[in-house]
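Work through the following exercises with the sequence and the model side by side, attempting each task before reading its solution.

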Amino acid sequence: QVQLVESGGGSVQAGGSLRLSCVASGYTYGAYCMAWFRQAPGKEREGVTAISGFGGTTTYTDAVKGRFTISRDNAKNTLYLQMNSLKPEDTAMYYCARATSGGSCWRDPLASRTYNYWGQGTQVTVSS
């Protein structure tokens with residue numbers, strides 16, 4: 001049974017930092033792309049960043065480039081999202097996700113349809 005459990009969310013002031021974690025279980029972790037998505041109230045879920053199975057390839061949505069860093073530790077079955085220089089518009093529920101296919105997810109790495117397992121989410125609130 002695949003499980004994804006996020007942690008690390010919280011409330012910070014603009015300019016602050018947070019590090020999110022996502023612990024995976026129930027499958028061969030390193031065989032799948034992983035991603036972080038977020039959803040703010042009243043908005044659609046958006047792909048924030050994705051990383052290949054062995055961590056050699058990453059991609060980011062333009063809004064977070066240069067501020068967020070995705071990484072993974074396959075020995076610990078854990079995905080991370082380091083978020084620096086946070087802005088109020090980063091406020092959202094953040095979800096980690098596992099790709100549907102064990103092959104490459106790079107056709108559309110920030111699209112929800114590429115992923116079929118989701119965590120329960122962790123809330124990030126940035127105040128101005």
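**Exercise 1.** In which strand is threonine 78 found, and is this residue buried or exposed?

*Solution.* The structure is a predicted model, in which local features need pLDDT of at least 70 and side-chain atom pairs count only at pLDDT 80 or more, whereas totals for chains, interfaces and linings use all residues. Residues are numbered from 1 along each chain as its sequence is written, and side-chain values use heavy atoms, with hydrogens and water left out.

Begin with the secondary structure: threonine 78 is found in strand β8, strands being DSSP runs of E with at least two residues, numbered from the N terminus. Next, take its relative accessible area, which is 6%; threonine 78 is therefore buried, a term that means under 20% relative accessible area, with a 1.4 Å probe and protein chains only. Then turn to its side chain, a polar atom of which lies 2.8 Å from the backbone oxygen of lysine 76. Finally, leaving aside neighbours within four places in sequence, threonine 78 is in contact (heavy atoms within 4.5 Å) with Ser21, Cys22, Val23, Tyr29, Ser71, Arg72 and Asp73.

**Exercise 2.** Which residues have the most contacts inside the largest nonpolar core, and which strand supplies the largest share of this core?

*Solution.* A nonpolar core is a set of buried Ala, Val, Leu, Ile, Met, Phe, Trp, Tyr and Cys residues joined through side-chain atoms within 4.5 Å. The largest has 28 residues, and those with the most contacts inside it are Tyr27, Met34, Trp36, Phe68, Leu79, Met83 and Tyr94. At least two residues of this core come from each of β3 (18–25), β4 (34–39), β5 (46–51), β7 (68–73), β8 (78–83), β9 (92–99) and β11 (122–127), and the largest share, 4 residues, is that of β3.

To follow one member outward, take leucine 79: not counting residues up to four places away in sequence, its contacts include Leu20, Met34, Trp36, Ile51, Ile70 and Cys96. A second, separate core of 8 residues includes Ala35, Ala50, Cys105 and Tyr115.

**Exercise 3.** In which strand is the place of valine 126, and which residue 40 places away along the chain has its C-alpha atom 6.8 Å from that of valine 126?

*Solution.* Valine 126 has its place in strand β11, and it counts as buried because its relative accessible area is 6%. The residue sought is leucine 86, for its C-alpha atom and that of valine 126 are separated by 6.8 Å. Beyond four places in sequence, valine 126 touches several residues, among them Val12, Ala14, Leu86, Pro88 and Thr91.

Key:
Buried means under 20% relative accessible area, exposed over 50%, partly exposed in between (1.4 Å probe, protein chains only). A polar contact is a pair of N or O atoms within 3.5 Å; within protein, one must be able to donate a hydrogen and the other to accept it, and residues adjacent in sequence count only if both atoms are side-chain atoms.
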